[in-house]
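Subject: Structure for your review

Dear colleague,

Please find below the structure that I am handing over to you, together with its sequence. My findings follow it, arranged by region.

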Amino acid sequence: MPLRRYSSLIPLLAILGSVTCLGLGTSWAKHSLFPLVGAQGTTAVRVGFSALLLLLFWRPWRWQLSRADLRTVALYGAALGLTNLCFYMALRTIPFGIAVAIEFSGPLAVALLASRRPLDFVWVALAVAGLALLLPLGHDVSNLDPTGVLFALGAAVCWASYIVFGKRASHLHAGHSVSLGLAMAALVVVPVGVMHSGAALLSPIVLGVGLGVALISSAIPISLEMVALKRLTPQAFGIMSSMEPAVAAMLAYILLDERLGAGQWLAIAMIMAASMGSSYMAQRQRRAAPAGAQARI
């Protein structure tokens with residue numbers, strides 16, 4: 001019984017680790033790689049190195065894959081690659097907070113559309129309200145670059161697709177699906193980066209930083225997300241992923257001494273409450289499921 005109680009924390013810890021690594025890696029990438037190879041080149045080295053690392057580590061060719069699973073993994077990987085590319089393209093011309101807020105409409109839409117009980121909407125509302133307080137939404141929207149906004153909306157759609165296809169592939173071994181998915185993502189975004197940045201991608205600085213960014217912001221977070229997806233419903237995963245801006249704010253306070261106001265700390269509390277609430281309800285739903293369904297999850 002104690003082991004089962006602690007196992008219920010695995011999805012929450014996996015997503016917490018994922019968003020922490022993602023925030024660190026993305027900040028490093030924008031600071032160090034954008035000036036050298038742009039958004040397209042940054043996406044290429046990040047996703048390309050992530051795919052290479054996980055292919056070498058997991059060696060997915062050891063497992064057989066049905067045609068249906070191959071199609072699902074391909075769609076999962078393509079959505080993953082396009083999410084990264086669209087988000088980095090959005091960061092070129094619109095504020096980081098605005099881009100995150102727009103992108104988060106993707107997983108929140110998954111959570112809302114998959115909800116069946118009134119209480120599920122409470123967690124969605126808490127997450128949305130917390131994001132509205134935390135993110136810098138006070139900018140004059142009329143001055144936002146329309147192309148950047150469209151890229152952020154594209155990232156939202158792709159992120160929602162990534163969650164859906166990732167859940168469909170969650171019956172596979174996590175290393176199998178993630179490594180093949182990243183390989184597909186690399187096939188989508190690396191040609192774009194090569195066309196944009198060319199030989200600059202082969203710079204020792206770009207390759208060194210790209211390898212570090214790939215490990216911190218893609219390989220580790222995506223693997224942890226697949227661990228969470230195997231144990232959560234799509235709506236619970238979508239809401240729990242809203243921890244990302246809260247974790248980023250806490251990292252900024254610890255590492256950059258960026259102090260937060262009372263309203264921002266309230267936002268963090270609301271987002272964490274939504275995450276914990278959805279985690280608790282998802283666990284109750286699993287316990288209430290028939291024995292056969294639990295064994296398959």
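An angle between axes counts as roughly parallel under 35 degrees, as roughly antiparallel over 145, as roughly perpendicular from 65 to 115, and as oblique otherwise. Please bear in mind that this is a predicted model. The axes of helix 2 (residues 10-32) and helix 3 (residues 34-58) cross at roughly 140° and come within 7 Å. Helix 2 and helix 3 are therefore oblique to each other. On the side of helix 2, the contact is made by Leu 22, Thr 26, Ala 29, Lys 30, His 31 and Ser 32. Helix 3 contributes Phe 34, Pro 35, Leu 36, Thr 42 and Arg 46. Five of the residues in this contact are nonpolar, four are polar and two are charged.

The chain as a whole

The chain has 297 residues, of which 49% count as buried. Its secondary structure comes to 14 helices and zero strands. Among contacts between residues at least 6 apart in sequence, 88% join residues at least 24 apart.

Helix 3 and the residue after it

How far apart are the end C-alpha atoms of helix 3? They are only 30 Å apart, although helix 3 has 25 residues and a straight helix would reach 36 Å at 1.5 Å a residue. Helix 3 also contains a kink of about 80°, centred on Gln 40.

Just after helix 3 comes Arg 59, with a positive phi of about 45°. Arg 59 takes this value although it is not a glycine. Arg 59 is found in the loop between helix 3 and helix 4 (67-91). With a relative accessible area of 39%, Arg 59 is partly exposed, as the range for that class runs from 20% to 50%.

Helices 8 and 10

For helix 8 (residues 146-168), the 23 residues should span 33 Å at 1.5 Å a residue, and the end C-alpha atoms are 33 Å apart, which agrees. The buried residues of helix 8 include Gly 148, Ala 152, Ala 155, Ala 156 and Cys 158. Also among them are Trp 159, Ala 160, Tyr 162, Ile 163, Phe 165 and Gly 166.

For helix 10 (residues 204-229), the 26 residues should span 38 Å at 1.5 Å a residue; the end C-alpha atoms are 36 Å apart, which agrees. There is nevertheless a kink of about 40° in helix 10, centred on Ala 214.

Three alanines and their partners along the chain

Ala 78 lies in helix 4. Its relative accessible area is 18%, so Ala 78 is buried, the limit for that class being under 20%. Leaving aside neighbours within four places in sequence, Ala 78 is in contact with Met 184 and Val 188. The C-alpha atoms of Ala 78 and Val 189 are separated by 8.8 Å, while the two residues are 111 residues apart along the chain.

Ala 246 is found in helix 12 (residues 243-256). Is Ala 246 buried or exposed? Ala 246 is buried, with a relative accessible area of 0%. Ala 246 and Thr 20 are 226 residues apart in sequence, and their C-alpha atoms are 9.8 Å apart in space.

Ala 273 lies in helix 13 (residues 262-288). At 29% relative accessibility, Ala 273 counts as partly exposed. Which residues does Ala 273 contact, leaving aside its neighbours within four places in sequence? Ala 273 is in contact with Trp 123 and Leu 126. Between Ala 273 and Trp 123 there are 7.8 Å in space, C-alpha to C-alpha, and the two are 150 residues apart in sequence.

In summary, the predicted model has 14 helices and zero strands. Helix 3 carries a kink of about 80° at Gln 40 and is oblique to helix 2. Helix 10 carries a kink of about 40° at Ala 214.

With kind regards

Notes. Residues numbered from 1 in each chain as written. Predicted model: local features only at pLDDT ≥ 70, side-chain atom pairs only at ≥ 80, totals over all residues. Heavy atoms only, no water. Axes fitted to C-alpha atoms, helices over the stretch in contact; angles between N-to-C directions. Helix = DSSP H or I, 4+ residues; strand = E, 2+ residues; numbered from the N terminus. Contact = heavy atoms within 4.5 Å. Nonpolar A, V, L, I, M, F, W, Y, C, P; charged D, E, K, R; others polar. Expected span 1.5 Å × (residues − 1). Buried < 20%, exposed > 50% of the residue type's maximum accessible area, 1.4 Å probe, protein only. Bend = angle between axes of the 7 residues up to and from the residue.
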